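Student: Could you show me the structure and then take me through it step by step, with the terms explained as they come up?

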Amino acid sequence: MTPQSVDVLIVGAGAAGMMCAIEAGRRGRSVRLLDHARAPGEKIRISGGGRCNFTNTGTGPANFLGENPRFATSALKRFSQHDFVKRVDRAGIAWHEKTLGQLFCDDSAKQIIRMLTDDMRAAGVVLSLGVSVERVARVADGFEAALSDGTTVRSRALVLATGGKSIPRMGATGWAYDAARQFGLRVTDTRPALVPLTFEAGLLETLKPLAGVAVDVSVTAVPASSSPKGDRPTFNEAMLFTHRGLSGPAILQISSYWREGEAITVAMAPGEDLYARLKAAKEENGKQMVHTALGHIIPRRLAESVCDREGIKGKLAEVGDKTLRRLDAAVNGWTVKPVGSEGYRTAEVTLGGVATDQLDQQTMAAKEVPGLYVIGEAADITGWLGGYNFQWAWSSGWAAGQVC
Ligand code: FDA
């Protein structure tokens with residue numbers, strides 16, 4: 001059978017692949033976009049609790065991790081969060097800022113998918129679903145891909161847009177990494193990120209009664225002495241106790257920085273001088289139980305658990321300053337060592353990917369492999385929680401779409 005010829009073959013119809021397809025199609029390129037899933041943009045559909053946190057108004061390179069997060073600067077500037085918001089507005093999609101610059105659809109994430117698929121249709125993009133690439137090779141001026149439907153496609157440009165390994169049951173594969181390696185590109189170590197952290201059985205048993213308790217915290221990862229020194233930001237968001245350990249936005253954020261063997265430090269009443277507050281409570285009403293007084297500052301179940309763990313019982317009048325200071329430290333300097341994470345099964349993203357020193361930061365093109373591009377999560381750029389990952393997908397997809 002004669003191979004079909006297109007200008008651009010994009011593998012992966014997620015956020016990055018669709019954006020790239022639209023841009024290349026608008027430039028008059030013939031574009032074939034394929035995905036082994038039955039529908040495009042499945043992660044968009046389930047994102048943000050079904051409302052898609054599609055960008056963050058504060059997006060900048062500081063919100064990203066990777067060997068060289070500054071690699072992202074050019075694409076993020078050329079197609080910024082404001083550019084994406086303009087498209088959302090043009091499509092008539094109502095949105096709101098939830099918190100910390102995070103923009104969500106008022107109605108449904110499906111509106112974002114519809115906007116992208118409408119734009120693809122208008123740009124003449126051919127979308128093939130339920131198809132994957134069995135083999136791909138370089139040929140004279142381009143690539144030849146043998147597809148799972150038995151056909152062959154030749155293209156001048158090949159765009160790797162299959163994302164990372166997170167949530168395999170949604171069709172995530174490491175295909176882009178394998179394809180990149182096949183073409184001689186380096187892939188950095190990958191690991192689950194934006195993922196709940198887990199505790200060992202003994203600690204879990206102690207914390208069991210807290211499952212379901214949520215509290216606003218400030219959390220930092222404490223690097224082990226052997227770890228490379230790097231920035232370990234502090235995140236001020238909510239934390240949730242679970243049956244396996246800890247979750248909630250603050251923990252998902254810190255999971256991208258935490259490494260096995262390291263501890264995290266959590267302030268569960270951030271910004272509060274607990275010692276001073278408990279001392280004042282003692283002067284006001286010494287008959288109050290310590291855990292009751294603490295329960296006015298942090299959730300009651302958590303207050304009980306902390307007092308239990310510290311062996312602090314009785315009334316405020318019965319405890320001295322030293323004990324109050326110990327309680328303050330137990331609440332605002334809780335240092336705990338997770339044993340692991342929930343892994344790719346629940347991780348929102350994959351840290352690591354195709355090394356950015358092999359890619360051109362303006363175009364996402366592989367420097368040594370003419371016509372090859374790597375966009376979105378497949379590249380070694382990973383955002384914080386809060387719309388940053390989609391913005392990277394839009395920006396990198398857009399950048400490749402200008403030239404491929
Ligand atoms: P993406 O994973 O979106 O797309 C890759 C595509 O490639 C998929 O359609 C897949 O089926 C296809 N594919 C994979 N292997 C293939 C193969 N071998 N052959 C053919 N096709 C293949 N981010 C954010 O900014 N805001 C948010 O609200 C959320 N929420 C969120 C919730 C959940 C539950 C998850 C798991 C993730 C998020 N994220 C997020 C992260 C965000 O979804 C993610 O970073 C982007 O979808 C990455 O876009 P890509 O296009 O790079 O990959």
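What follows is a conversation about the ligand site and the sheets of this model.

Tutor: Before we start, note that this is a predicted model, in which local features need pLDDT of at least 70 and side-chain atom pairs count only at pLDDT 80 or more, while totals for chains, interfaces and linings use all residues. Residues are numbered from 1 along each chain as its sequence is written, and side-chain values use heavy atoms, with hydrogens and water left out.

Student: How many residues surround the ligand?

Tutor: A residue is near a molecule if one of its heavy atoms lies within 4 Å of it. The closest residues are Ala16, Asp35, Thr173, Glu377 and Phe390, and the residues that surround the ligand number 31.

Student: How do the residues of that shell divide into nonpolar, polar and charged?

Tutor: The classes are fixed by residue type: Ala, Val, Leu, Ile, Met, Phe, Trp, Tyr, Cys and Pro count as nonpolar, Asp, Glu, Lys and Arg as charged, and the others, Gly among them, as polar. On that basis the shell divides into 13 nonpolar, 14 polar and four charged residues.

Student: Which helix gives the most to the shell around the ligand?

Tutor: Helices here are DSSP runs of H or I with at least four residues, and strands are runs of E with at least two, numbered from the N terminus. Helix H1 (15–26), helix H2 (42–46) and helix H13 (388–401) each supply at least two residues. With four residues, the helix that gives the most is H13.

Student: How much of the ligand's accessible area does the protein cover, and which backbone atoms lie beside its oxygen and nitrogen atoms?

Tutor: A polar contact with the ligand is a pair of N or O atoms within 3.5 Å. A polar backbone atom of Ala16 is 2.9 Å from a ligand oxygen, one of His36 is 3.2 Å from a ligand nitrogen, and a backbone N or O atom of Asn389 lies 3.4 Å from a ligand oxygen. Of the 1,000 Å² of accessible area that the ligand has on its own (Shrake-Rupley method, 1.4 Å probe), the protein covers 92%.

Student: In what order do the strands of the three-stranded open sheet stand?

Tutor: Two strands pair if DSSP finds at least two bridges between them. Three bridges join E5 to strand E6 (residues 102–105) in the antiparallel sense, and His96 stands opposite Phe104 in E6. The pairing in this open sheet is antiparallel, and the order is E3-E6-E5.

Student: Which helix packs on the sheet that contains E3, E5 and E6?

Tutor: Contact means heavy atoms within 4.5 Å, and angles run from 0 to 180 degrees between N-to-C directions, with axes fitted to C-alpha atoms, for helices over the stretch in contact. The helix in question touches E3, E5 and E6, its direction makes about 140 degrees with that of E3, and its residues are 81–90, which is helix H4.

Student: Which strand pairs with E1 over seven bridges?

Tutor: Strand E1 (residues 4–11) is joined to strand E2 (residues 31–35) by four bridges, running parallel. Ser5 of E1 stands opposite Arg154, and the strand that pairs with E1 over seven bridges, also in the parallel sense, is E10.

Student: Which strands stand at the edges of the seven-stranded open sheet?

Tutor: The order is E17-E16-E13-E14-E15-E12-E18, with antiparallel pairing. Each edge strand has a single partner strand, so one side of each is left without a neighbour in the sheet; these strands are E17 and E18.

Key. A polar contact is a pair of N or O atoms within 3.5 Å; within protein, one must be able to donate a hydrogen and the other to accept it, and residues adjacent in sequence count only if both atoms are side-chain atoms.
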